[in-house]
Amino acid sequence: MYVMIREVENSLHKLKYIKEEGRKTAIEAIKEIGKPAADPSARVDRYLEYFTIGPQSMDPAGIVNKLDHILDVRDQRLKDEVKLMAPACDEVQINNLENTLEAAMALNFIYKVVRHYYIQGKKTLSLYVIMQLQMILPMVMKEAEAYSSALKAFAYGQPIGDGVGPLIAAKLMHGYEIRKVPKDCVVATVPFEGRTLLVLKAEGPGGNVGKPGDAVETVIEENQGKIANVIMIDAGLKLEGEKVGEVAEGIGAAIGGPGVDQYKIEEKLTKYKIQINAVIIKEDIGDAVSPMRKEINDAVDPAIERVKSVILERTKQGDTVIVVGVGNSIGVGQ
Amino acid sequence: MATKNESQSSAQSKKISNYITMIVLIVLALSIAALILAIGNYTTGLSETGATQAGSFLSAGVFAVIGLIALVMSVFTLYQSRRQTAEMKIEIPKVMTTIQCTSKNCDSKTIREFQRGDFVFKELDIPCQKCSGRQMVTAIYKEVKEKEKTYNV
């Protein structure tokens, strides 16, 4: 038990260090970019403690819309808070700072939860509490280290591993006319081998995931449901032993997050009986939130080829196809 | 308030860690002194006979054991604390930006370190050195140097 406690203690010290570094990075970024009149430290500390209460699920009917509303309110609240902290920022910088603060918030939360179970285990002298904590610590530390490297990426506006979907979409739509679609997304009409591709992504280069669910809904409705296929491109979690940047293909809505966007997309697809295909680029959680690895960047062209072959195999000339690049558009323009 | 408390507690823990290092260094010095005494007693015992010699050898043995245990413990503690400090450092990998010329006939490609404000598909003001065409950021990535362990399964 002593060995386990020592191990947890060491990790907790490291987590505390990472958390404090995260806070420091966020404050420095706000001071540097936002040029606030007063010291933002107190406001940042308040921000790091923000929480979100999910909707009641005793009667699950309509819970998706409730969750969607709560997430919208949260997003707006956090954005407003960043605007107050950093008044000199433009929209792109506000998005980047919001992402930086969210990474710092995640680190703060991880530290507090690990500390909670450590103290509880010591207080109750429970071997099982300490044992459980010690068993999951390697995964927790990996996630904390990933968030730690994400902080710098967000503060500087560097593309992250999760941005591979938008990067592929951006490569497909580059050079074509772009228009905005709700919420925080852009779409371009791209001709390809007699088909019309409607390529969608979150608006960049600020840190933004947009709401692809709303964007796909809008585009499908604009076309009165006459869509032959929807192809979603996203970063997918790899299993140990798999290579970073491996491209895989499958069926279904490839989108993470709380599930609201996936629900909306699936609803529309079912209504109009539209086919759905997915292409994923494999990476682990650390790669997803830290600056994009070369292997992931190199996987962009093979992934585009795979998307094109899916389009050629699964659609015919004259069809309209939606291609969605899912993920955070930080550091990726269009 | 939270920040003040946190900075106070971190200063306090730093103070404690300094005390511990001091204590470990003192123990280290004492262990070396004990080992020197052990050697001294042993050499004195060599020139003595009978009960005096046995007494000297015994005290040399006791000092040697105490000295060795203290030496091992203090060196281990120092090594552990150094390792912990090394583990605390988070390496930030270099992020590179690839710039390419947009002219169809030009294959100019430059790779430089990432600068704040770079993003993929950003058009740069600096013209291409080869053909004076427009330049664009085409990729931003980090190179991971560490080699992943491979398992033959």
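This passage describes helix packing, burial and unusual backbone geometry in two chains of a predicted model.

Residues are numbered from 1 along each chain as its sequence is written, chains are lettered from A and ligands numbered from 1 in the order in which they are written. In this predicted model, local features need pLDDT of at least 70, side-chain atom pairs count only at pLDDT 80 or more, and totals for chains, interfaces and linings use all residues, while side-chain values use heavy atoms, with hydrogens and water left out.

In chain A, helix H7 (residues 212-222) meets helix H8 (residues 260-272); helices (H or I, at least four residues) and strands (E, at least two) are DSSP runs numbered from the N terminus. Their axes come within 7 Å and cross at roughly 20 degrees; such axes are lines fitted to C-alpha atoms over the stretch in contact, with angles from 0 to 180 degrees between N-to-C directions. H7(A) and H8(A) are therefore roughly parallel (under 35 degrees) to each other. Among the residues making the contact (heavy atoms within 4.5 Å) are Val216(A) and Ile220(A) of H7(A), and Ile265(A) and Leu269(A) of H8(A). The residues of this contact divide into 6 nonpolar (Ala, Val, Leu, Ile, Met, Phe, Trp, Tyr, Cys and Pro), 1 polar (the others, Gly among them) and 7 charged (Asp, Glu, Lys and Arg).

Helix H6 (residues 164-173) of chain A is mostly covered, with 9 of its 10 residues buried (under 20% relative accessible area, 1.4 Å probe, protein chains only). Leu167(A), Ile168(A) and Met173(A) are among the buried residues. After H6(A) comes Gly175(A), with a positive phi near 95 degrees.

Most residues other than glycine have a negative phi, and most peptide bonds are trans. Against that background, a cis peptide bond links Pro182(A) to Lys183(A), with omega about -10 degrees, and another cis bond links Gly204(A) to Pro205(A), with omega about 10 degrees. Lys183(A) sits in the loop between strands E1 (178-181) and E2 (185-192) of chain A. Glu193(A), in the loop between E2 and E3 of chain A, has a positive phi near 45 degrees and is partly exposed (20% to 50%), at 48% relative accessible area.

Chain B contains 2 helices and 4 strands, in the sequence pattern α-α-β-β-β-β. Buried residues make up 24% of its 153 residues. Phe121(B), in the loop between strands E2 (109-113) and E3 (123-124) of chain B, has a positive phi of about 75 degrees and is buried, with a relative accessible area of 11%.

Definitions and conventions. Angles under 35 degrees count as roughly parallel, over 145 as roughly antiparallel, 65 to 115 as roughly perpendicular and the rest as oblique.
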